[in-house]
Amino acid sequence: MSLRDLKTLALFCKVVDNFGDIGICWRFALQLQQEHGIGVTLWVDDLRTFKRIRPDVDVDASIQHIAGVTVRHWTSQDGEFAPSDIADIVIEFFAVDIPPGYIKAMAQCDPKPVWFNLEGLTAEEWVEGCHTLPSSHPQLPLTKYFFFPGFTSKTGGLLREASLLDERRRFVSDPGAAAAFLAGLGVTPSEQAGLKVSLFCYQHAPVTELFEAWQQGPVPVTCLVPEGVVADAARAFIGGEPQAGAVATRGALTVRIVPFVAQPDYDKLLWSCDLNFVRGEDSFVRAQWAGKPFVWHIYHQDENLHHKKLRAFLHRYSPDIESLFAFSLGWNGALEDAGLAAQWPLLHADLSLISRRAEEWTGQMLNLGDFTGNILQFARSHR
Ligand code: TRH
């Protein structure tokens, strides 16, 4: 049987909630195109959310080309497709249902495209038993493979651009880079002298409790909050509308609202801070590559399944750092009482230890290869 060239890829993305779906898909699409020369068509339903992380998106265009990627506005499940319309690799992100007409045309291809369902990132062990499992289509001669990102060699590893760590090393070794980047966000030199913390979390995080702990603490803290994040707690602290540029200092805490930056600059924000609060999946992974201490606010799931996922990650990442374990559980509502006022000084005292752990973890994750290289390698062996 002839082998199918793997020159084109169709990635279907539905923006379920927040920015993560499109954040991950855009990063993945760019890497496929820029590092592997693959012709990527990204089908995405919500162009307005996409524009927040990629400002040059045209929210009214049914098709557009951005940085070498073809972006199609995915507006319905209708549509007839011919085998010639079908990409060599077809990827459903987070198990979205792709248009039935597209699947029908996939079945008419010879050889067939390689078809994946990409799942969400979890540290739970069951993933290793499901990663790359095939699933036959009930009616059509097609096989779909389940592909999972992860933290072990029995998973697809983590998304990472080839140049990322070199870019980070250059940035952090240039003492003026962080100061200039933060100044560009409006952060003053005196604010930069404090413990710099970026805060990206969901609205339900115990932010007010954390602000109180910082405000009454002995350590000057400068908390940078991207515009639109935890607006209620930010508004209450600042005493005014939390738009970019708003700032207030109470006790040892300064809270500054910074712009919601384009995706590449978000890495620089993480690299410029001493401690990063991240959430969901993409910023969570970027914080791991930033090699700095981070606290993860996990995406909420029914029956508190997210607490199980959180514990699974903490057991892998920092089983022996009690302060990070306890603070993370409190931050995610996994304890009766978050107790952040008591937990914060313990976490702060361990920041050097946690920094060392962060760097070790980066090395461990590097050894897994990168998600994009891994999925292409699998596709080549299953076409
Ligand atoms: O926005 P999120 O909460 O997205 C979530 C998660 O991905 C979750 O796993 C998923 O199930 C849910 O969506 C549907 O968090 P996440 O994953 O960190 O995505 C945020 C994206 O926004 C990430 O790519 C970083 C980017 N970003 C910027 O580009 N600029 C910014 O200023 C900030 C704060 C974030």
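Begin by selecting Ala 67, which sits in the loop between β3 (63–66) and β4 (69–73), where strands (E, at least two residues) and helices (H or I, at least four residues) are DSSP runs numbered from the N terminus. Ala 67 has a positive phi of about 50 degrees although it is not a glycine. The model on display is predicted, so that local features need pLDDT of at least 70 and side-chain atom pairs count only at pLDDT 80 or more, while totals for chains, interfaces and linings use all residues. Residues are numbered from 1 along each chain as its sequence is written, and side-chain values use heavy atoms, with hydrogens and water left out.

Select Pro 111 next, in the loop between α3 (100–107) and β6 (114–118); the peptide bond that reaches Pro 111 from Asp 110 is cis, with omega near 0 degrees. Most residues other than glycine have a negative phi, and most peptide bonds are trans.

Now turn to the ligand and show the 22 residues around it (a heavy atom within 4 Å). Gly 20, Tyr 202, Val 261, Asp 282 and Ser 283 come nearest. By class, this shell has eleven nonpolar, six polar and five charged residues, Gly being counted as polar and Asp, Glu, Lys and Arg as charged. Colouring by helix shows that α1 (20–36), α10 (263–272) and α11 (282–290) each supply at least two residues of the shell, and that α1 gives the most, with three.

For the polar contacts (pairs of N or O atoms within 3.5 Å), select Val 261, where a polar backbone atom is 2.6 Å from a nitrogen atom of the ligand. An oxygen atom of the ligand is 2.8 Å from an N or O atom in the side chain of Arg 279, and for the side chain of Asp 282 the corresponding distance from a ligand oxygen is 2.6 Å. Taken alone the ligand exposes 700 Å², of which the protein buries 96% (Shrake-Rupley method, 1.4 Å probe).

Finally, colour by domain: domain 1 (3–158 + 369–381) and domain 2 (164–366) both give residues to the shell, so the ligand lies between them.

Key. A polar contact is a pair of N or O atoms within 3.5 Å; within protein, one must be able to donate a hydrogen and the other to accept it, and residues adjacent in sequence count only if both atoms are side-chain atoms. Domain bounds come from an automatic or database domain assignment.
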